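The following exercises concern aromatic pairing, burial and core packing. Each task is followed by a solution in steps.

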Amino acid sequence: MRLPFLTLTAIFTLLGAADASAQRYDPAYPVCMHRYTGGGLGGGGGDYFDCSFTSLPQCRATASGLAATCDLNPYYAFNESPPPRRRYKKVHQH
């Protein structure tokens, strides 16, 4: 009885960790800069995402000279636009 409980707990913990990493992206902007921060000789470096860019060239200009890469934001709704307006046929009455 104890083993299935521990297995389920481990699975939910892993799924929760995956969701937390997805929250590092801001879905409001289409481009993110992934910035790497070095830890020096002692290690302990890290990284973060800055999703405040509207284009790849804008992000690349900011990232120039830094330990960073620019990528499209996987959580931005690129195709989220209003549906096209439906055109109605005019009916001619004789």
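**Exercise 1.** In this predicted model, determine whether F49 is buried or exposed, and describe the aromatic pairs around Y25.

*Solution.* The relative accessible area of F49 is 18%. Since buried means under 20%, F49 is buried. The ring of F49 pairs with that of Y25 in a tilted arrangement, 4.6 Å centre to centre with 45° between the planes. Y25 belongs to the loop between α1 (2–22) and β1, and F49 to strand β2 (residues 46–53), so this pair ties together parts 24 residues apart in sequence.

Y25 also forms a tilted pair with Y75, with 5.3 Å between centres and 45° between planes. Here the loop between α1 and β1 is linked to the segment after β3, 50 residues apart. Y75 is partly exposed, at 43% relative accessible area. The count is thus two aromatic pairs, and ring pairs join Y25, F49 and Y75 into a cluster.

**Exercise 2.** Characterise the surroundings of N73.

*Solution.* N73 is located in the segment after β3 (68–72). Its relative accessibility is 2%, so N73 is classed as buried. A polar atom of the N73 side chain lies 2.6 Å from the backbone oxygen of D26. Beyond four places in sequence, the residues that N73 touches include Y25, P27, C51 and F78.

**Exercise 3.** Which residues make up the largest nonpolar core, and which elements each supply at least two of them?

*Solution.* The core has seven residues: V31, M33, F53, C59, A63, A68 and C70. β1 (31–37), α2 (56–63) and β3 each supply at least two of them. Outside its neighbours within four places, A68 contacts M33, H34, R35, Y36 and A63.

Key: Residues numbered from 1 in each chain as written. Predicted model: local features only at pLDDT ≥ 70, side-chain atom pairs only at ≥ 80, totals over all residues. Heavy atoms only, no water. Helix = DSSP H or I, 4+ residues; strand = E, 2+ residues; numbered from the N terminus. Buried < 20%, exposed > 50% of the residue type's maximum accessible area, 1.4 Å probe, protein only. Polar contact = N/O pair within 3.5 Å; in protein donor to acceptor, adjacent residues only side chain to side chain. Contact = heavy atoms within 4.5 Å. Core = buried A, V, L, I, M, F, W, Y, C linked by side-chain atoms within 4.5 Å. Phe/Tyr/Trp six-rings, centres within 6.5 Å; stacked < 30°, edge-to-face > 60°.
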